[in-house]
Amino acid sequence: MDMVICRDVVKTYQQGRISVPALRGISLSIEKGEFAALAGPSGSGKTTILNLMGGLDAPDAGEIIVDGRHFDRMSAAGLAELRLHRIGFVFQAYNLIPVLSALENVEYVMLLQGVPARDRRERARAVLDEVGLSGMYDRRPPELSGGQQQRVAVARAIAAEPSIVLADEPTANLDSKNGISLLEIMKEMNEKKEVTFIFSTHDERVMEYARRLVMIRDGRVADDVRK
Amino acid sequence: MTLRMAWRNLWRNSRRTMVILTAVAVGVFSMIFIGALMAGVGEQMIRTSIATLVGSLQIHQHGYRDDPVVENTMEDPSEPQAALASVRMPDARWSRRVRVSAVAGNARHSAGVSLVGIEPEREAAVSFIGGAVTEGRGLSPGDPYGILVGRALVGTFETRVGRKLVLMSQAADGEMASRAFTIAGVFRAELEATEKQFVFVSLAAAQEMLGLGEGVSEIAVLLPDGADPDPVARALAAALPERYEILTWRELLPMLTAYIEMNDTFTAIWYLVVFIAMGFGIINTLLMAVFERMREFGLMRALGMTPGGIVREVLVESGLLLAIGMAAGNALAVAAVAAIGENGIDLSAFAAGVEYAGMPRVIYPALSFAGALEANLTVWVLGLIVSLYPALKAARITPVSAMARV
C-alpha cells in the first residue's frame, strides 16, 4: 500500500524578481513501512519535497496524496489535523520547545491530540526509555547534548503514533557516532512500530542505512534504488 | 501544560517581564488609588454638605425653595410630622427649622447671614451644629436670647462669647423684626463660608421674633449613611398634599451632584490615559516575545497546532502577565489606602484653594469594591484586547516561513 504518492510535483520559489525552481516535476511513491532516504546535494529539493509531503507548504502543480488523503482537496485546518494525527516531524535543528522538559516536549503533540494526562505521561516516558533517555525526563533542551535533543525529537514524533515520520537531515548537526546511533533508533522504531520513515540526507554513511535510496538532483528524481 | 508553558515563557526574559509587570502594577495601583481618593473627596463633600443643614432630604412648603422668604413657611408642621411618623424610616432623624435671610450687626459691623432657628436636641442628630461648638455653650431648648455664631464671623465682627448681636429680618406680618441676642457659643465648620453664613438661635426664639407662631421653614431628614433618599422622598410625597415639596440632597445641591458626575468622568478618563500608556508597553513586550519565538510558533503549527491555538497560547501568557501585575497593583493600592486611611492626606496648606473648590481640608480615600473591580476589569479586558494584535501576528505565520528564520 502506498503511504505517500507524489505526481508531477512542481514548486518554484520567488526570490525578488528571480524564479528559483526547487522541484521540476517529481513523481514518487513510498510504501507503508518503508525506511527511505531522499538523498542529494544541497539545493537539490530534498527539504522542499519533505515540506510538501508534510503539508507544510503547497505545490505549484502536481498532486500529493499521504495516507490516502489528497492534499489539494484539503483545507489548512484539515492539513493541520492530518499533521497532528498522522505525520511526525524531525527537523535538522532539533526544534524542541526550550521551556519544556524532555518529557513535556514528547507529551506536547499528545496534548494537542487530546490524550489524557496520565496516558500521555506514561507513553512519553516509555518512548523516551526506548530512545535511551530514561532518567533524563526533566532535563530541558539546553541541558541536553545535540544527540540527546534529536532523540527527544524522534521520541516526540513517534509518541504521537503517526503513520509516517518525515525527518529533514536529522543527523546533519550530529557527530558521526551520534548520527549512527540516531539512525539505529529510527530503524528500530520503523521495524518495531511499522512506522514509515522518510528522511533526507546528503551524508553517504546515512544513505547506507536506508532500505530505499531516492536520489534527487536539480528538482527531479535522478535514481531510485531499493536495497 | 499551557499555563506552565506560559509561565516559563514569561521568565525567559525576566528583566523585560519585570519591567512590564512593574508598569501594569503601577498603572493598576494608580487607577485604584487615585479613584479611591477622588471617590473619597466626593463622599466627604456629600457628607459635609448633608451635615451642613441640608440633610438627606427636606420638606418645604411649595415655593419656599424658589423664594425662601418668611411668607413661604409651613404654617402648621403637624401634617408633615404625621407623614414622617407614618413613613417607616429606620434610624432616620428629623428636625424642624426656621430659616430666613437676616442682617446681623453689632456696634461696629454688620453682615448678611442666614438665621436658622433650630431645636437643639433634635438638630444635634441631624446636622453638624450639635458637635461644632468650640467656645461657650450650645443652645438650650427654647433658649430665648442665646445665639451660636461661626468662628469666622466672630473674627470679622471682632466680638466674643457673651457679647450682644442684633438680628434683623422681615417678620410674617411684613414688618421688619429685630432682636438682640447674646452670643452663647462659637462654632467651627468644615468650610469658612459656613462659619460666616449661618447663625443659630432656638426655634422658639426665631418663631417669636418673626411672628411665625408654630410655623417652620423646613423639616430636614437625615437617613443613615449610604441610604438612598429617593424611596423615602417618594413615600413622603405620596403621604402629603401637593402643597408640600420634598427634595433630596441631589436636588438641593445640583452643583455637588454635577461635581460627583464630573468626578466619575474624570476617573474614567484617568483610567483610559493610564491604560493607553500601559497598553503600548504590553503590546511592545508581547511583540518582542512573539518575534523572538517565531520559529517555535512555526514548529507548533508544523506539529499540528491550529492558528487559534497559537492565539490562545499568547493570550494565556498575556493574561498571566496582567494577572500578576494586577495582583501586585491591587496589593499596593490596598496597602496605600490602609496606610493613609487613618489620618488622610492633609491639604490644610492649600486651605484657601481647596475651600474655594469646595473640597475638604483632609482627604480620606474611599476604596470601594466596585471601584477596584472597574479598574481591574478595564486593565484585564483592554489588556487582552490589545494582546490580540501580537497573538494574531504569531498565528498568521506559516510553518515553512517561520522555520526558515534563523
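## Working through a two-chain model

Leaving out neighbours within four places in sequence, Ile198(A) touches Val4(A), Ile30(A), Ala36(A), Leu38(A), Leu50(A), Met53(A), Ile164(A) and Leu166(A). Keep in mind that this is a predicted model. Grab the structure and try these.

**Exercise 1. Find which residues touch the most other members of the largest nonpolar core, and which helix gives the largest share of that core.**

Start with the hubs: in this core of 117 residues, Ile198(A) and Val24(B) touch the most other members. Next, look at who contributes: helix 2 (residues 14-54) of chain B supplies the largest share, 16 residues. Then look elsewhere: a separate core of 62 residues includes Val54(B), Leu153(B), Val186(B) and Leu222(B). As background, nonpolar side chains tend to be buried together in soluble globular proteins.

**Exercise 2. Work out the strand order of the open six-stranded sheet in chain A, and say how its strands pair.**

Walk across the sheet: the order is 6-7-8-3-9-10, and the pairing is mixed. Now check the ends: strand 6 (87-90) and strand 10 (220-226) of chain A are the edges, each pairing on one side only. For the twist, neighbouring strands are turned by 15° against each other on average, ignoring direction. Finally, zoom in on one pair: strand 9 (residues 212-217) and strand 10 of chain A run antiparallel and are joined by six bridges. Within that neighbourhood, Val214(A) sits opposite Asp224(A) of strand 10 of chain A.

**Exercise 3. Describe the side of chain B that touches chain A: which elements give two or more residues to it?**

First the head count: 14 residues of chain B are in contact with 17 residues of chain A. The elements giving two or more residues on the chain B side are helix 1 (2-10), helix 11 (294-303) and helix 15 (399-403). Of the elements on this side, helix 11 of chain B gives the most, with four residues. Chemically, the chain B side splits into eight nonpolar, three polar and three charged residues.

**Exercise 4. Split chain B into its domains, then decide whether Gly319(B) is buried, partly exposed or exposed.**

Domain 1 of chain B covers 2-49 + 256-403, while domain 2 covers 57-222. Their C-alpha centres lie 51 Å apart. Now find Gly319(B): it belongs to helix 12 (residues 307-341) of chain B. Gly319(B) has 17 C-beta neighbours inside 10 Å, so it counts as partly exposed. One last check, on sequence against space: Gly319(B) and Ala6(B) are 313 residues apart in sequence, yet their C-alpha atoms are 9.3 Å apart.

Technical notes. Residues numbered from 1 in each chain as written. Chains lettered and ligands numbered in written order. Predicted model: local features only at pLDDT ≥ 70, side-chain atom pairs only at ≥ 80, totals over all residues. Contact = placed C-beta atoms within 7 Å. Nonpolar A, V, L, I, M, F, W, Y, C, P; charged D, E, K, R; others polar. Domains from an automatic or database assignment. Buried ≥ 20, exposed ≤ 12 C-beta atoms within 10 Å, placed from the backbone. Pairing = 2+ DSSP bridges. Axes fitted to C-alpha atoms, helices over the stretch in contact; angles between N-to-C directions. Core = buried A, V, L, I, M, F, W, Y, C linked by C-beta atoms within 7 Å.
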